[in-house]
Structures are given as C-alpha cells and as structure tokens.
Amino acid sequence: MVDRNGWGRGRDDPIGARRRPPPAFVERANAADAERYEAFEENWPDCWERAAALLAWDRAYDTVLEDEDAPFYRWFTGGELNASYNCLDRHLEAGRKNHAAIRWGGKQGESRTYTYRELYVEVNEFAAALRDLGVGEDDVVTLYLPMIPELPVAMLACARIGAPHSVVFAGFSADALATRMNAADSEYLVTCDGYYRRGDAFNQKSKADNARLAVDQGVRTVVVDRLGKELPHVVGDDECDYDAVRDAHAGETVDPVSRDAEDMLFLMYTSGTTGQPKGVVHTTGGYLAYAAWTSHAVLDVKPEDTYWCAADIGWITGHTYIVYGPLALGTTTMMYEGTPDYPDRDRLWELLERNAVDVFYTAPTAIRAFTKWGSQYPERHDLSSLRLLGTVGEPINPRAWEWYHKHVGGGTCPVVDTWWQTETGGVVVSTLPGIDDMKPGAAGPPLPGIDARVVDAAGDEVEAGDAGYLTLQKPWPGMARTLYDGDDRFLDEYWRRFSDPEDDRWVYFSGDAARIDDDGYVTVLGRVDDVITVSGHRLSTMEIESAILDAGGVAEAAVVASTTGAGDGEIYAYVSLERDVDPADAIREAIVSRVERAIGPIARPEEVVFTPELPKTRSGKIMRRLLEDVTNGQELGDTSALRNPEIVGELRATIRGE
Ligand code: WTA
C-alpha cells in the first residue's frame, strides 16, 4: 500500500514499525534541527529563553530560573506581561487584525468566526463589564460554560484584568461546581442558560443556581444566552445578562494589566487520589511561554494554519492547546461544540474538510471510536490539508495509531503522541515531528530540556526497558507552582515520594507508570494511583466511590474503568451492600443518580455489579487491579495475596453473564 506522497510504511512492515518523519514535513517544520536536544542540555536552564522569546514582555525578566525555594520554582522572575495582550493586541499591532482567531462550529450546524480584531473588541468589552461588576486583580472568576466562544472570551477578559479564572467543565454537576467555587473562594460566576446535548436543549442555569445555594460566599453571576427561544433566559435580580453587560460597555477598551511572570493566570481543578479535587495553579509567564513553545515545537503551529484541538476547554488540554498556545502564536484555532458522531459520523471530517484544517489533535478514546465506526467516514472526505496529527490523554495502542496515521493522515502526516498532565501545563514527552522517528505505542523521548526518568519504589533509576514510576527530575517553565489548597498538599501529592530534601534533590512524581527503552523513548503504561480516565476525562475513583457510599444501603464500593472491548471507557462499579439490603433495581438507580448528582453524567457507572464482598488483600486493601482484569476480561493477575480469592471467580462469571 502506497500513500499519497509515496512515503510511509511498505506493505510488509509490521504494525508499530518505526518511521522517519516525512521529508515534506521536515522541510517546513518549526523544529527541524537535531542539535536542539544538545543545545538545551548544554545551556540549561537558559535554553528556556527560547520559549520566553515567543512572548511580548512589558518588562524584561531578570532571571530565567530561581530555585532557592525548590520545589517552589520561579521562572522568568522580574518579568511582567499580560496574557490577553499576548494573545490579541500584539497580533493587531502586527497588522493581522482581519486574520481569523477562532472558528467555531455549533451543535446545531451553526458557525461563527472571530477575527483577531473582533475577539479583541469582545474581550475588551467583557473585561470592562467584569471590572464594573467588581472583579479586581487576583479575584478568582469561575467559568461554567460549554464549548461556546464566550468561554475563551471570558478567559481572556479575566487575563486582561489580572483575575485568575477557574473553568469548571460544563458537564459537572451542581455539587461539583459548588465544591470548586468554595475551595477557590470564588465570588464571580459566568455561566449560560443551557446548551445542546445531542440535539436536545439542556438546562445549565438550574445547575448553576443549585450550586450557588451551596456556595458559602455571595456570588455575582453573568448569564450567556446560548439557547435563544429554546429555553427561557431567566436572569435573576442579582444576575446579569452577558449581552446586556457587553452592550453597556460597547466600544470600551481596557488596558491590559501588567502581571508579574509568577502571578497566577488560572486555577484548574483536577482529580487527585482523594475525594477533594486539587486546584492546580498556573502562572502568567512560565505557563504561557511553555504553551506557546510546545504549540510551536511539538504541534508545529504556524500563524497561517487552521489548527484544531478537539478537546473541551473545561480540561487542561483545551486551556493550553485551544486557547493560550494557538492564540499566543496568532494562528486560527477551531472550537467544536458537538460530539464527533452527532448528527452523524461524517460531521467531524466534514468540518475538517470545510475548514481545510492543517493540524488535528485529539484523544485515543476518540480515535478508538473512529476505528470502530470504520474508515469509510474519513475516506469520503478530502483531508489532504492535514499536515500533522496529534494524540493526548491516554496511551494509544499501535493498531489505533496506525489507523489514525493511515485513514486520517493519509499515510503522510507525522503523528505526535504527547504525554503530559494538568500539572505539567503543556507537553513534556513527545517526539518533535520534524526531528524524531515515530514509534507507535511509545510517546517519544522527553522534550528538549525535560528530564524524564523511570524509577523504582526506592527512587533509583531502573534499567532500560523496565517498568517503574515516571518522574521529572528538572523543573520546566510550564510546571504547576502549587495547589490552591496549600503548599503542603502540593509537596505531598507530587514531591515527597521521591525527593531528598536533605540533599536538595527534588523529583516530581507524575502518578503514572512507564518504561524507557534503550533508545530513550518513553512508553506510558497508565496511572498507578486512584485516578481513572474515562473518555479522556480524568476522574478520581475515591470521588465516585464516596458518592456511591452516600446512596444508602451500600457497605463498600470500588470503581474501575474498562479499557477493552465494546464497553471501552465505561465505569464499572462493584458494590457490596449492607446486610439485609436487597440488590434491587431501586438501589442501582439510587447509586447512579447519586454519582450524577455529585460529579456529573460523565462519571455515571455503566454497570453496577453487586457482590457479597470485594476482593481484598490480607491487610484489607481493595485489589482494584484484579477488578480491572475482571472488567476487561483479561487473565487475572496474581491472586495469592487475596484474603478471599474465590470472589474473583464469582465476579468473573457474573460479568460474563454466566
Ligand atoms: C494520561 C491531560 C499516555 C496520563 C493532558 C496522565 C497519557 C493523565 C498521555 C493526565 C499519553 C496523558 N499517553 N497517557 N500521550 N497523555 N495521559 O491531567 O495518565 O487530564 O497522568 O491531562 O492522562 O490527565 P490530565
């Protein structure tokens, strides 16, 4: 099989064979100099000036890295800048005011385009409105919006006036929103009346209203009218309508506030190993420089591109690679409100074709769904505008990689498998598509300047090819600076496990397992803590389990995510009930609705499996790994440590429907 440009894998190459970057790509790549790795190593940490140089600074920084208070590192200290200025004003000044900044595709087939000038105008008006509402520098503004352009507008308006935003995924429940608003002491909320979910109008405002009842502080709310006539747009006395507040400030401009490089740009709540979400703090200088740098070097974004990261802005991927990275580089970023299969399975490819997208970035869970639907969908569209493909969020197996490469990339686009996390701010492990060979299944070498190592339980580096804990042993500009909940939790969650403070040796632990082969390529094996990924969403098993325990009648619960077969990415809840409680449908429903209320429909268990006992070790710890094996129909791991091994066989029979 020969691809469009005669480049690629021959007919007999095995699945997962290594590939050189295609010469046509290399010629134009933003990063094509192989010396880059050594240059970063020899010149560390000053190498990071290259990232800072992608930004416009109001005041030049004095020092690249200050590490006296490690692991509370400080980057580009003394520097001052504004993120909204970097994403908007400077592109106008460069004569690109009529260039498209955002192309948005709505769920009902609508589309909207914002030029840089139009985005600038709306951001300024909304920034003026937020100020008028009382938002001051450093006040946390919560944004609870679906994938509509008002979300990036509100983010940039916050950035303009130096107010950190905290975006809460629109699919989260009222309880989840209230928890995050309380944790951040946030007194401002921007939300909307509702949005479409697979064609149906869905009320968001009532969730926001319920959340506000549970928020301790007074909250001022702005409501976007997304649905027009579909849903009554009720704006209460203490609330305001988005269009009305903008109109009241029509044509106004707001000077971008000069922020210290280390000032907080935003807060992003993410799931940790406890029920309480972690408020990850990202800064203005280091984060933005890193977002721009990795968009440039890894995603190869060029100002003239149309670039599409098909994530949700409610998660970190959307923050860094829909909003901040691409807009800092002055490119056209796409935003899509819908799901890839609504109204049909051609929708995504149609949008790709119609917008002549150059770079497409999505998650393995989406790619696996595409492979199930079949190659006829992408194949009946002209996708020849594509130059580069990316994936993020989970390990991608070589077969899905090959499918993506062949059926979406036409065999000619490099694929970057990018490993990173909310806490890293941007990609830290990936091939550079113009330099490195691709190795399907392995993310790639650590990026230049990144020191990724796999260690054993004692913190010692393991042999090449051996699995262990994935750590980062040098700081990088995009790293989280702390947790909003406190420095101590930050140390506990990421640093204490493998660091040696006596020796001033600081090691960041990612929570992932991985192996690094002889060639330096990192293969990520998945989380080793109690975090699961479902359809690209990061959730905490503890958070779901504690919601299940609230259902009443439940004695114990353990949840796992399926990773294989038809039920890929579904949550299975294994539940044992209190004595004398019947495993009736009523309790199953109570469990499901409890979880939906506490977190949202994304955390909904697809299966609730009742069992007299959960498999446990002799010390009483639930063996979640075995439940994963049962769920995925895999060979059972070692059961010798179990106190009740017979239960696993019973569960297995139940799952198989025997
Ligand atoms: C997983 C998303 C394998 C990993 C950017 C990590 C990946 C978690 C990859 C972070 C990848 C992300 N290969 N696993 N390319 N990318 N992960 O914070 O387990 O939502 O720890 O950030 O996703 O999820 P988060």
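Two strands count as paired if DSSP finds at least two bridges between them. Helices (H or I, at least four residues) and strands (E, at least two) are DSSP runs, numbered from the N terminus. You're looking at a predicted model, where local features need pLDDT of at least 70 and side-chain atom pairs count only at pLDDT 80 or more, while totals for chains, interfaces and linings use all residues. Residue numbers start from 1 along each chain as its sequence is written, and side-chain values use heavy atoms, with hydrogens and water left out.

**Stop 1: the three-stranded sheet**

Select strand 28 and strand 29 (residues 571-577): they pair in the antiparallel sense over seven bridges. Zoom in on Ala-558 and you'll find Tyr-574 of strand 29 standing opposite. Now add strand 30 to get the whole open sheet, which has the order 28-29-30 and mixed pairing. Strand 28 (554-561) and strand 30 (605-610) are the edge strands, each pairing on one side only. From one strand to the next, the twist averages 25 degrees. (Axes are lines fitted to C-alpha atoms, for helices over the stretch in contact, and angles run from 0 to 180 degrees between N-to-C directions.)

Next, show helix 17 (residues 541-549), which packs on this sheet and touches strand 28 and strand 29. Contact here means heavy atoms within 4.5 Å. The direction of helix 17 makes about 145 degrees with that of strand 28.

**Stop 2: the domains**

Try three colours: domain 1 (23-81 + 266-523), domain 2 (83-257) and domain 3 (530-656). These bounds come from an automatic or database domain assignment. The C-alpha centres of domain 1 and domain 2 lie 26 Å apart, and their contact takes 42 residues from domain 1 and 43 residues from domain 2.

**Stop 3: the seven-stranded sheet**

Here's another open sheet with mixed pairing, and its seven strands run in the order 5-4-17-16-18-19-20. At its edges are strand 5 (111-115) and strand 20 (415-418), each of which pairs on one side only. Neighbouring strands are turned by 20 degrees against each other on average, direction ignored. Pick out strand 16 (residues 306-309) and strand 18 (residues 359-362), a parallel pair with three bridges. Trp-308 stands opposite Phe-360 in strand 18.

**Stop 4: two helix pairs**

Select helix 6 (residues 150-161) and helix 11 (residues 316-328), which pack at an angle of about 55 degrees with their axes 11 Å apart. That angle makes helix 6 oblique to helix 11. (Angles under 35 degrees count as roughly parallel, over 145 as roughly antiparallel, 65 to 115 as roughly perpendicular and the rest as oblique.) Show the side chains of Pro-152, Met-155, Leu-156 and Ala-159 on helix 6, then His-319, Val-323, Tyr-324 and Leu-327 on helix 11, to see who makes the contact.

Now switch to helix 13 (residues 364-373) and helix 15 (residues 398-408), packed at about 75 degrees with axes 10 Å apart. This makes helix 13 roughly perpendicular to helix 15. Ile-367, Arg-368, Phe-370 and Thr-371 of helix 13 meet Ala-400, Trp-403 and Tyr-404 of helix 15.

**Stop 5: loop details**

Where is Pro-71? Look in the loop between strand 1 (63-66) and strand 2 (74-77). A cis peptide bond joins Ala-70 to Pro-71, with omega about 5 degrees. Tyr-342 and Pro-343 are also joined by a cis peptide bond, with omega about 0 degrees. You'll find Pro-343 in the loop between strand 17 (332-336) and helix 12 (347-354).

Finish at Asp-138, in the loop between helix 5 (116-133) and strand 6 (141-143). Phi of Asp-138 is near 75 degrees, a positive value in a residue other than glycine.
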